[in-house]
Amino acid sequence: MKQDEIKSINEKLNKLAMGIALHLETLQGQIGDRMDQMDQTYNERLLQINRMLEGK
């Protein structure tokens, strides 16, 4: 009986670990997307400032 309990707990822990890993992958993708958006906005602002300074 103890071996079955250990196996069951191990399977549950593996499922939990897989769920956590999937969630972390999702968060990583969302963070990467947000950083890309921030970079794009920053670059656009720099271009605007350069145009203003050049008088265009």
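Okay, let's start with the greasy part. Ile 9, Leu 13, Leu 16, Ile 20, Leu 24, Leu 27, Ile 31 and Met 35 together make a nonpolar surface patch of about 760 Å². Before I go on, keep in mind that this is a predicted model.

So what is that patch sitting on? Let's take two of its members. Leu 13 is in helix 1, which covers residues 2-54, and Leu 27 is found in helix 1 too. Now, are these two buried, exposed or partly exposed? Leu 13 has 49% relative accessibility, so it counts as partly exposed; the cut-off for exposed is over 50%. Leu 27 comes in at 32%, so it also counts as partly exposed.

Okay, the overall fold. How many helices and strands does the protein have? One helix and zero strands. That's the whole list.

Next, is that helix as long as it ought to be? Let's ask it properly: what should the 53 residues of helix 1 span? At 1.5 Å a residue, they should span 78 Å, and the end C-alpha atoms are 77 Å apart, so the two values agree.

You can check this with pairs of residues as well. Leu 27 and Asp 39 are 12 residues apart in sequence, and their C-alpha atoms are 18 Å apart in space. For a bigger jump, try Asn 50, which also lies in helix 1. Asn 50 and Ala 21 are 29 residues apart along the chain, with 43 Å between their C-alpha atoms. And while we're on Asn 50: its relative accessibility is 40%, so this one counts as partly exposed.

What happens just after helix 1? There we meet Gly 55, which takes a positive phi of about 75°.

Now zoom out to the whole protein. Along the principal axes, the C-alpha atoms fill a box of roughly 80 × 10 × 5 Å. The radius of gyration fits into that picture: the protein has 24 Å, whereas a compact globule of 56 residues would have one near 10 Å.

And what about an inside? What share of the 56 residues is buried? The figure is 0%, where buried means under 20% relative accessible area. As for the outside, the protein exposes about 5,700 Å², and carbon and sulfur atoms supply 59% of that.

So, to pull it together: one helix and zero strands, 0% of residues buried, and a nonpolar surface patch whose members include Ile 9 and Met 35. That's it from me, thanks!

Key
Residues numbered from 1 in each chain as written. Predicted model: local features only at pLDDT ≥ 70, side-chain atom pairs only at ≥ 80, totals over all residues. Heavy atoms only, no water. Patch = residues over 30% accessible without salt bridge, like charges linked within 9 Å, V, L, I, M, F, W, Y side chains within 5 Å. Areas by Shrake-Rupley, 256 points an atom, 1.4 Å probe, with all protein chains shown as cover. Salt bridge = Lys/Arg side-chain N within 4 Å of Asp/Glu carboxyl O. Helix = DSSP H or I, 4+ residues; strand = E, 2+ residues; numbered from the N terminus. Buried < 20%, exposed > 50% of the residue type's maximum accessible area, 1.4 Å probe, protein only. Expected span 1.5 Å × (residues − 1). Rg over C-alpha atoms; globule rule 2.2 N^0.38 Å.
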